[in-house]
Amino acid sequence: DRVGVGGSVVVTLTDLDLDVNASFANTAQVNVSRFGVTPGPDTSRLLTVTETGPSTGTFTGSLLTASAAAASFSPAERAALLPDVVVGSSIRVYYDDRFPGRTVVADRTG
């Protein structure tokens, strides 16, 4: 999928051992940034992904990329946008998998 300025980045994560309570949908966090930029508070966003249902092990979440219209947003709304995305940008998602204890990185070109 292509992601443009002002578009939405949708992240899907599958990790069965994150299903810590089979009674309800669990959550996890991933870090999303533009490829080639060092992740940090000004260049990346922490995204909470929610399990698609009890015991599925599949989690999804989305966030908007910054656009010119963001100037009219409140500071809280601007803080939730993924910055520095331009046409053709690649998006990088970092996820720390506790079991087996590794960082998973996935890239998508927009």
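How many bridges pair β3 and β4, and in which sense do the two strands run? I looked this up first. β3 and β4 are paired over two bridges, in the antiparallel sense. I note that the model is predicted.

**Entry: confidence**

I checked how far the coordinates can be trusted. The protein chain has a mean pLDDT of 81, and 88% of its residues reach 70 or more. Strand β3, residues 44-51, has the highest confidence, with a mean of 92. Strand β6, residues 102-109, has the lowest, with a mean of 69. Where pLDDT is low, the predicted coordinates should not be read in detail. I therefore leave the details of β6 alone, given its mean of 69.

**Entry: overall layout**

I counted one helix and six strands in the protein chain. Along the sequence I read the order β-β-β-β-α-β-β. The chain has 110 residues, of which 33% count as buried. I looked up the exposed surface and found about 6,400 Å², with carbon and sulfur atoms supplying 55% of it. For contacts between residues at least 6 apart in sequence, I noted that 55% join residues at least 24 apart.

**Entry: the β3-β4 hairpin**

I went back to the strand pair from the opening question. β3 and β4 form a hairpin, and six residues lie between them. On the bridge side, I found Glu-51 opposite Phe-59 in β4. I then looked at Ser-55, which sits in the loop between β3 and β4. Ser-55 is not a glycine, yet its phi is positive, at about 60°. Is Ser-55 buried, partly exposed or exposed? Ser-55 counts as partly exposed because its relative accessibility is 39%.

**Entry: partners of β2**

I traced β2 to the strands it pairs with. β2 pairs with β3 in the antiparallel sense over seven bridges. β2 is also joined to β5 by four bridges, and these two strands run antiparallel as well. Asn-31 has a partner on each side: Leu-46 stands opposite it in β3, and Tyr-94 is its bridge partner in β5. I also noted Ser-33, which stands opposite Ser-44 in β3.

**Entry: the nonpolar core**

Which residues have the most contacts inside the largest nonpolar core? I found Val-11, Leu-13, Val-30, Val-32, Leu-47, Val-49 and Leu-82, in a core of 16 residues. The elements giving two or more residues to this core are β1 (8-14), β2 (27-34), β3, β4 (58-64) and β5 (90-97). In soluble globular proteins, nonpolar side chains tend to be buried together.

I followed Val-11 outward, leaving aside neighbours within four places in sequence. Val-11 is in contact with Val-30, Val-32, Leu-47 and Val-49, among others. The list for Val-11 also includes Phe-59, Thr-60, Gly-61 and Val-93.

**Entry: Asn-26**

I looked up Asn-26 in the loop between β1 and β2. Is Asn-26 buried or exposed? Asn-26 is buried, because its relative accessible area is 5%, and the cut-off for buried is under 20%. The side chain of Asn-26 makes a polar contact with the side chain of Asp-19, at 3.0 Å. Beyond four places in sequence, the contacts of Asn-26 include Leu-18, Val-20 and Asn-21, and also Val-49, Thr-50, Glu-51 and Phe-59.

**Entry: two threonines in β3**

I took Thr-48 and Thr-50 together. Thr-48 is found in strand β3, and so is Thr-50. Thr-48 is partly exposed, with a relative accessible area of 39%. Thr-50 also counts as partly exposed, at 36% relative accessibility.

Not counting residues up to four places away, Thr-48 touches Thr-27, Ala-28, Gln-29 and Gly-61. With Gln-29 I found a polar contact between the two side chains, at 3.4 Å. I also looked up the C-alpha separation of Thr-48 and Asn-31, which are 17 residues apart along the chain, and found 8.9 Å.

Thr-50 and Thr-27 lie 23 residues apart along the chain, and their C-alpha atoms are separated by 4.4 Å. With neighbours within four places left aside, Thr-50 is in contact with Ala-25, Asn-26 and Thr-27, and with Thr-58, Phe-59 and Thr-60.

Methods
Residues numbered from 1 in each chain as written. Predicted model: local features only at pLDDT ≥ 70, side-chain atom pairs only at ≥ 80, totals over all residues. Heavy atoms only, no water. Buried < 20%, exposed > 50% of the residue type's maximum accessible area, 1.4 Å probe, protein only. Contact = heavy atoms within 4.5 Å. Areas by Shrake-Rupley, 256 points an atom, 1.4 Å probe, with all protein chains shown as cover. pLDDT = per-residue confidence, 0-100. Core = buried A, V, L, I, M, F, W, Y, C linked by side-chain atoms within 4.5 Å. Polar contact = N/O pair within 3.5 Å; in protein donor to acceptor, adjacent residues only side chain to side chain. Pairing = 2+ DSSP bridges.
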